[in-house]
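Work through the exercises below with the sequence and the model open side by side, and try each task before reading its solution.

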Amino acid sequence: MYLSGVELYYEESAAGKDNIIEIYGDEFNHITRVMRHNTDDEIYITNGRGNIYHSKITAVFKDHLTADILNTYDYENKLENVCFCIPKIKSADRFEFALEKCVELGITKFVIFESERTYKKGGKTERWQKILVSAMKQSLQSFLPTIVSVDSFKELTKYEGEKVILEQESENAFSSVSLDKNKNYYFIFGPEGGLSTAEINLLCNSQKYKLTENRLRSETAIITCAALLNSL
């Protein structure tokens, strides 16, 4: 069952044990002080591991609340074997926008890398994590994405699975992509200046596809790919 028109909150420790959930911290403040929920109100809570709990608030204390689980909804992560390898692009806003939209479209694994043509070095993993949580709740997803940052493109070669490079000059149309659920796939996107020849040569045995006939901005290519995979 897919939900709509509800508020979704995140509590990592929620596991359905004893049919009781406790919520502390920022999420507690948001539920009680921003959304003004109180005892007997019904809310939806995810643990970010594929479960959403339809719950009723049973008590509100100074620093936390408790809720009884009324119903449990379990979901499958349809793109569990897909990871997006995204470069740090010049505009932080565009990068974060792409990250947010990918979550809304069901991507749950990210590797952020630095390449030879990356404009900005360093990362804001804590900020990115907050974006992932917010996007998961907003889009009523039940899987909290994971995100890691690596210092170089070469690090991507260490991941076991099929490497797929999105490259404008490829003769293979993305419409021919098919996924085997028994394999892991790493979709690799280039920065504004593209991947260097040396970087592409590191993954000489990878599959290469083009998303469209025309050239796309990095963030547009990332979102387009997520939308296409979501529709498979």
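The exercises that follow concern a predicted model, and they take up its sheets, its core, one loop residue and its largest pocket.

**Exercise 1. Work out the strand order of the five-stranded sheet, and find which helices pack against it.**

Step 1. Following the pairing from one strand to the next gives an open sheet with the order S1-S3-S4-S5-S2, in which the pairing is mixed. Strand S1 (8-10) and strand S2 (20-24) are the edge strands, since each of them pairs on one side only. From one strand to the next, the twist averages 45°.

Step 2. Inside this order, strand S3 (residues 42-46) and strand S4 (residues 51-60) are joined by five bridges and run in the antiparallel sense. A position to look up in this pair is isoleucine 43, which stands opposite serine 55 in S4.

Step 3. Helix H1 (residues 25-34) packs on the sheet, where it touches S1, S2, S3, S4 and strand S5 (64-74), and its direction makes about 95° with that of S2. Helix H3 lies across S1 and S3, and it runs at about 150° to S1.

**Exercise 2. Do the same for the six-stranded sheet, and state the sense of its pairing.**

Step 1. The order is S8-S7-S6-S10-S9-S11, and this open sheet has parallel pairing. Its edges are formed by strand S8 (146-150) and strand S11 (207-209), each pairing on one side only, and the twist averages 25° from one strand to the next.

Step 2. S6 and S10 pair in the parallel sense over four bridges, and cysteine 85 stands opposite isoleucine 188 in S10.

Step 3. Two helices can now be placed: H2 lies across S6, S7 and S8 and runs at about 160° to S7, whereas H5 lies across S6 and S10 and runs at about 170° to S6.

**Exercise 3. Find the residues with the most contacts inside the largest nonpolar core, and the elements that build it.**

Step 1. In soluble globular proteins, nonpolar side chains tend to be buried together. Here the largest nonpolar core has 37 residues, and those with the most contacts inside it are Phe84, Phe110, Phe174, Phe187 and Phe189.

Step 2. Two or more residues each come from strand S6 (82-87), helix H2 (92-104), strand S7 (109-113), helix H3 (125-138), strand S9 (162-166), strand S10 (185-188) and helix H5 (218-230).

Step 3. Take phenylalanine 189 as a case: leaving aside residues up to four places away in sequence, its contacts include Phe84, Cys85, Ile86, Pro87, Phe113 and Leu166. Others among its contacts are Leu195, Ala221, Ile222 and Cys225.

**Exercise 4. Is serine 196 buried or exposed?**

Step 1. Serine 196 lies in the loop between S10 and helix H4 (197-202).

Step 2. Serine 196 counts as buried because its relative accessibility is 5%, and the cut-off for buried is under 20%.

Step 3. Beyond residues up to four places away in sequence, serine 196 touches Glu116 and Arg117.

**Exercise 5. Describe the largest pocket and say which element gives the most to its lining.**

Step 1. The largest pocket holds about 660 Å³ of space. It is lined by 27 residues, of which Gln168, Pro191, Gly194, Arg215 and Leu216 are the closest to its centre.

Step 2. S9 and H5 are the elements that give two or more residues to this lining, and H5 gives the most, with three residues.

Definitions and conventions
Residues are numbered from 1 along each chain as its sequence is written. This is a predicted model: local features need pLDDT of at least 70, side-chain atom pairs count only at pLDDT 80 or more; totals for chains, interfaces and linings use all residues. Side-chain values use heavy atoms; hydrogens and water are left out. A nonpolar core is a set of buried Ala, Val, Leu, Ile, Met, Phe, Trp, Tyr and Cys residues joined through side-chain atoms within 4.5 Å. Buried means under 20% relative accessible area, exposed over 50%, partly exposed in between (1.4 Å probe, protein chains only). Contact means heavy atoms within 4.5 Å. Two strands pair if DSSP finds at least two bridges between them. Axes are lines fitted to C-alpha atoms, for helices over the stretch in contact, and angles run from 0 to 180 degrees between N-to-C directions. On a 1 Å grid over the protein atoms alone, a cavity is a set of points where a 1.4 Å probe fits but cannot get out, and a pocket is an open set with protein on both sides within 12 Å along at least five of seven lines; lining residues have an atom within 4 Å of a point. Grid points are joined across faces, edges and corners, and a volume is the space filled by probe spheres set on the points.
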